[in-house]
Amino acid sequence: MSTTVETKDAVAAKLIPIYIMGKKYEVPETLTIMKAMEYAGYKYIRGCGCRGGVCGACSTVYRKPGDYKIYSGLACQTVVEPEMYLTQLPFYPAMRATYNFNDLTGAPEEIFELYPELFRCVACNACTKICPMDVEVMDYIAALKRGDIKAAAEISFDCIQCGLCASRCMGELPQYHIAQLARRINGAYLTPKAEHLKTMVANIADGRYSECLNELKGMDEDTLKKTYTDREMEPATAGEDWTPKESKCL
Amino acid sequence: MAINISNRDSDDKLRQKVTEISGQNFQKCYQCGTCSGSCPMSEHLTVQPRRIMALLQLGNRKALSEANTPWVCASCHTCMVRCPRSIDITRLMEALRLVKLRQNFDKVHPNKVKPEEIAKLPQIAMVSGFRKMTS
Amino acid sequence: MKISYYPGCTLKTRAKNLETSALASLKALGVEFEELPRWNCCGAVYSLADDDLIHLVAPVRDLIRVKERGHDTMLTLCSMCYNTIARANDLMKNDEEKRYTINSFMDEEPDYAGEVRVLHFLDFFRDEFGFDKLKEKVTHPLNGLKVAPYYGCTLLRPKEVALDKPDRPELFQQFLQALGAEVVEYGSSTTCCGAYQVLNEPGAALTVSHNILKDALNHGAEAMALTCPLCDYNLGRRQEAMKEKFDFGDLPIYYFTQLLAMALGLPVEESHFELNTDSSQELLKNKNIINKSA
């Protein structure tokens, strides 16, 4: 049997010029900014994280020719464009207030006390315009100013703490730190508690699974292996109402 | 309070800056004193509004910068509605504040306002206070 | 007239009593309005510098929100918001160059040229609803409660947005009379309470506020009616500090809309008197303006 594999000529991607911190490089047009910078020979030791668009490490600010606007994006997610003029902003200083979370009660005044610069917001919207995750930053700051922590937590949900909002803020607020406090307060004090979770945790602490766990712990290796391979498994086609025969350890 | 009137103490740049920022012609002031008589903060000022107008006309930067007047002014607009020369004195006070604030100066420091105060104050107190007295 | 109601930051927290009493009253009077679903803080003070445009962006944005909803009128309760937004509105209407710059800057918003009318509650009642009509709707007149109306600064100055003549205004008195109160005339009714100086020169703000209260008391006031949450702080909450410094007695303070709600016979919960000073509830109970059992 022949095992030759047919090969086609590799099609090279078209090269386009981009400017990394003012210096011009020709890079394949299909690459993301991050890959393009690595193609150009840069090695990331900061400003690079998950490479998946959720950690906020690779914030990039860029401009395009003939356009006054400032654009932003995550380097790992944004595909390069011809004549793109970019720089990385791996870090922008923003002080986080220190507080003992257990001392908070969820009153809006607590946020006002910890972040009085909140009141310096002039609703210029520079923060919303620069956000690479399309979070409506100005709107959550407005919500916080009027004491609506829940709305602020909801609006800021997609925030990945990249710091670009703080870098553009006229009022010099650390928006993403304030939003994180709002989300923490919302989760801990404002959203309804899952009572069934509390009950279950108490049951487990009271020893609901102790007998089963001790039984497993007491087995020798062979018995444990056999128990595992002989366990009853839910069939792939089982309906909603399937229950196992042995329910002692559920 | 005696002040020197001489060319040396006259800062034309300051006069120009205040005129630009406020859009007001303080040279029109004929020192009637209605503004001083109307000002609710009068007893707390080191220099009365009427005298501030005179100092502006003279361009006396030193005396103006030592006066607490722009920083005690509450922008109540009583002076400007009564001024017989229709000078918007409130805008002049704002200009005097801004000349200093735009040098990245904070008269009120948001982080130094006592937390107990912030907890009791209405939000508009902080919003307006910071707008008028921080850079 | 399609009305968008603009609350302002403070009315959702510290000045909740101003908002709930106002909105309940509007509903009881059959006035149709819609609260703006999306809005930002207006900035509380109008920028007084000719070259400063950024501080106009916040109030203009709120006006755009009203326009976007297809409404032609913005109704405000907080006097500081009224003053700031009304003046910004005038600028957008009259100053072509600045209008162009601000619209260009806010490239993510539709253009605005002053199409919305800004009204404060008081001039809505005088000019649109009518004080006579209001009087007819009053079911629980205020039993001649001696009320000193306190205007403060922002409703009367500067002339461009003034609701009435700055030195001898009448509309607040007429409003209170329609509710059945006895109006107390006193000189300090339009004198500034110190406003934001509570942050920088709290001693000065305390003194000027104390002078106003003393003046009202000397003219026989049993209560004072206000429109502004910052005045409420300076003249109301700081009475504690005045007791210490000036040996001051007491003067119950109300928002004008709380008195309106009571005069319309609305349930006492709508007025959230727990946010007023303690003596405020006592006085109304003693005067049979709210039920003792409420």
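What follows is a conversation about the contacts, sheets and domains of this predicted model.

Visitor: What should I know about the numbering and the model before we begin?
Guide: Residues are numbered from 1 along each chain as its sequence is written, and chains are lettered from A and ligands numbered from 1 in the order in which they are written. The model is predicted, and local features need pLDDT of at least 70 while side-chain atom pairs count only at pLDDT 80 or more, whereas totals for chains, interfaces and linings use all residues.

Visitor: What makes chain B and chain C count as being in contact, and how many residues does each give?
Guide: Two residues are in contact if their C-beta atoms, placed from the backbone, lie within 7 Å. By that test the contact takes 36 residues from chain B and 35 residues from chain C. Helix 9 (123–133) of chain B is among the elements that give two or more residues to the chain B side, and helix 9 of chain B gives the most there, with nine residues. Helices here are DSSP runs of H or I with at least four residues, and strands are runs of E with at least two, numbered from the N terminus.

Visitor: How do you know which residues on the side of chain B that touches chain C are nonpolar, polar or charged?
Guide: Ala, Val, Leu, Ile, Met, Phe, Trp, Tyr, Cys and Pro count as nonpolar, Asp, Glu, Lys and Arg as charged, and the others, Gly among them, as polar. Sorted in this way, that side of chain B has 19 nonpolar, ten polar and seven charged residues.

Visitor: And what does the contact of chain A with chain B take from each chain?
Guide: That contact takes eight residues from chain A and eleven residues from chain B. Helix 2 (residues 108–114) of chain A gives the most to the chain A side, with three residues, and by class that side has three nonpolar, no polar and five charged residues.

Visitor: Why are strand 6 and strand 8 of chain C said to stand at the edges of their sheet?
Guide: Two strands pair if DSSP finds at least two bridges between them, and the open sheet of four strands in chain C has the order 6-5-7-8, with parallel pairing. Strand 6 (182–183) and strand 8 (253–255) of chain C each have a single partner strand, so one side of each is left without a neighbour in the sheet.

Visitor: What makes strand 5 of chain C a partner of strand 6 of chain C?
Guide: Strand 5 (residues 146–149) of chain C and strand 6 of chain C are joined in the parallel sense over two bridges, and C:K146 stands opposite C:E182 in strand 6 of chain C. The pair therefore meets the requirement of at least two bridges.

Visitor: Which strands pair with strand 1 of chain C?
Guide: Strand 1 (residues 3–6) of chain C pairs in the parallel sense with strand 3 (residues 73–76) of chain C over four bridges, with C:Y6 opposite C:T76. Two bridges also join strand 1 of chain C to strand 2 (residues 34–35) of chain C, and these run parallel; there the bridge partner of C:Y5 is C:E35.

Visitor: How is chain C divided, and what joins its domains?
Guide: An automatic or database domain assignment supplies the bounds, giving domain 1 (3–122) and domain 2 (131–286) of chain C. Their centres, taken over C-alpha atoms, are separated by 24 Å, and 24 residues of domain 1 of chain C are in contact with 28 residues of domain 2 of chain C. Helix 1 of chain C gives the most to the domain 1 side, with nine residues.

Key: Buried ≥ 20, exposed ≤ 12 C-beta atoms within 10 Å, placed from the backbone.
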